[in-house]
Amino acid sequence: MRIVEVRERAIPLQANIKNSVVNFAEHTVSLVALVSDVVRDGKPVVGLAFDSIGRFDQSGILRSRFIPRLQAAEPASLLTEDGTLFSPEKVLATIMRNEKPGGHGDRAHAAAAIELAVWDLNAKLLGIPAWQLIARHFGVQPVDAMPVYAAGGYYYPEDNLGRLQDEMRQYQDLGYVRFKMKIGGAPLKEDVARIEAALKVVGDPRHLAVDANGRFDTSTAIAYGRAMQDFGLRWYEEPGNPLDYALMSELGAVYPHRLATGENLFSVADVENLVRFGGMREGLDYFQMDPGLSYGITEFARMVAVMEKHGYSRKEVHPHGGHMLALHIVVGLGLGGSEAYPGVFSPFGGYTPGCRVVGGTVSPTQAPGFGLEEKPDLMPHIADLLGR
Ligand code: MG
C-alpha cells in the first residue's frame with residue numbers, strides 16, 4: 001500500500017469580512033489530496049484535508065519541501081506496524097526531516113494539511129468517519145452531540161449595531177444559542193455599545209464571547225477587561241499578542257471571568273510556555289489551539305497531553321476552526337466544544353448539510369473520513385483537484 005500522488009491547490013476564501021486586525025478578502029487555503037494505490041468502486045481511495053482557515057495557502061512549503069520528501073520516502077516506512085494503515089506520526093516525521101526545531105509559522109500549517117489528509121485516508125480505508133477513527137486511536141468515548149457556538153459578530157460599515165443584531169438573530173434561527181463577536185476594531189466605548197446591542201438579542205451574557213484577535217497591549221487589555229467585567233461574558237479571547245504570556249497572566253490576575261487563547265500557538269513548546277507562564281486558571285480559562293494550523297492531530301494530541309499533565313482538562317479545549325476537520329477532531333478527542341462559522345469562509349468554513357445544529361449542539365455524520373465530499377461548495381474544488 002502506498003501514496004502514489006500528492007496534489008495541492010490554493011483556493012480563495014469567499015469572505016469579504018474583517019476582524020480588528022485582518023481582512024479575509026485576500027485569504028487562500030491549501031486543499032491537499034493524498035492519492036493511494038488502493039482502488040474501491042473503480043476509483044483510488046484519496047485522503048483530503050486543508051490547512052484550516054485564516055493563515056493563507058501553503059503551496060510553496062508543500063511543493064518545495066513536504067511533498068517531495070513524502071514522495072521520496074520508502075512506501076513501507078509510512079505505514080503502521082501491521083501495515084494496514086498509513087501512520088500519521090511517521091508521515092509527519094518524514095515531511096519534517098531536515099527541519100530545525102522552533103520557528104513554528106506557516107510550516108506548521110503546511111504539515112497539518114498533509115497530516116490531516118492521512119487521517120481522512122485511513123478513515124476511508126476503514127469505511128468509518130474520522131471522528132470514530134480518532135476516538136478509537138486515542139481511547140476516547142465520543143459524545144453524540146457536541147456543544148457548538150457561532151463565531152462572527154463582525155464590524156459593518158453601515159448600520160453597525162443593527163446589522164450586528166441581525167447577524168446574531170440569523171445564528172439563532174439556525175439553531176445556535178451561544179455566540180462570539182469581534183472587539184478591538186473600534187474605540188472601547190463603541191465596542192461596549194456593540195456588546196450591549198448584541199446582548200439585547202443573545203440575552204444571557206454567559207452565552208456571548210468576545211474576541212480581540214490579539215490586538216491589545218497590556219494596559220488596553222486590562223481597560224477592556226474592567227469595562228466588560230460587569231457583563232460576565234462567556235469568555236474574552238486573545239486579548240493580546242498570542243506569545244505575550246505575561247499579558248495573559250497580568251490580565252488573569254484582575255479580570256474575574258474566563259479568558260481564552262491559543263489559536264495562534266502552533267507547537268507543544270508554545271503550549272508548554274502558555275501553561276508555565278500565561279497564568280491560565282484551571283477550571284476557568286479555555287485553550288483554543290487549532291490542529292489544522294499546528295502540524296495536525298499528532299502534535300495537537302501532544303498539546304492536550306501537556307495541558308493534562310499540568311492539571312487542565314481537555315474539556316477546557318475549544319479549538320479555533322469552525323469547519324469539518326475541527327468538528328471531527330473535537331468529537332473524536334472528547335474536547336469541550338466546537339466553533340462554527342455559519343455562512344462565511346466558504347468553501348471551507350461551516351459544516352455539511354447532514355450535520356444538524358439543534359439547541360446549540362452539532363453532530364457529525366457517518367460519512368467516511370472528514371466528510372468533505374458532502375460539502376456542496378467544496379465538492380467542485382475537490383473534483384477539479386482530482387481531475388474528475
Ligand atoms: Mg479568535
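## Sheet, helix packing and magnesium site

Three strands, in the order β1-β2-β3, form an open sheet with antiparallel pairing. β1 and β3 stand at its edges with a single partner strand each, so one side of each lacks a neighbour in the sheet. From one strand to the next the twist averages 25°.

The model is predicted: local features need pLDDT of at least 70, side-chain atom pairs count only at pLDDT 80 or more, and totals for chains, interfaces and linings use all residues. Residues are numbered from 1 along each chain as its sequence is written, and side-chain values use heavy atoms, with hydrogens and water left out.

Strands (E, at least two residues) and helices (H or I, at least four) are DSSP runs, numbered from the N terminus. Two strands pair if DSSP finds at least two bridges between them. Strand β1 (residues 3–12) is joined to β2 by 9 bridges, and the two run antiparallel. Strand β2 (residues 28–40) pairs with β3 in the antiparallel sense over 7 bridges. The bridge partners that can be named are set out below.

| Residue | Partner residue |
|---|---|
| Arg7 | Ala33 in β2 |
| Leu31 | Phe50 in β3 |
| Leu34 | Gly47 in β3 |
| Val35 | Val46 in β3 |

β2 and β3 form a hairpin with 2 residues between them, and Asp41 in the turn has a positive phi of about 50°. Burial is judged with a 1.4 Å probe on protein chains only: buried means under 20% relative accessible area, exposed over 50%, and partly exposed in between. Both strands of the hairpin are mostly covered: 10 of the 13 residues of β2 are buried, as are 6 of the 8 residues of strand β3 (residues 43–50). Helix α3 (residues 106–126) lies across β2 and β3 and runs at about 140° to β3.

A helix pair comes next. Helix α5 (residues 160–173) packs with helix α6 (residues 188–202) at an angle of about 35°, their axes being 9 Å apart. Such axes are lines fitted to C-alpha atoms, for helices over the stretch in contact, and angles run from 0 to 180 degrees between N-to-C directions. Contact means heavy atoms within 4.5 Å. The residues in contact include Leu161, Leu164 and Met168 of α5, and Ala193, Ala197 and Val201 of α6. By class, this contact has 8 nonpolar, 3 polar and 4 charged residues.

The magnesium ion has as its protein donors Asp211 (OD), Glu237 (OE) and Glu263 (OE), which lie 2.0 to 2.2 Å from the ion. Donors are N, O and S atoms within 2.8 Å of the metal (3.2 Å for Na, K and Ca); water is not among the atoms, so sites may look incomplete. Along the chain the donors follow the spacing D-x25-E-x25-E. Asp211 lies in strand β6 (residues 208–211) and Glu237 in strand β7 (residues 236–237), so this pair ties together parts that are 26 residues apart in sequence. Asp211 counts as buried at 1% relative accessibility, and Glu237 is buried with a relative accessible area of 0%.

Methods
Ala, Val, Leu, Ile, Met, Phe, Trp, Tyr, Cys and Pro count as nonpolar, Asp, Glu, Lys and Arg as charged, and the others, Gly among them, as polar.
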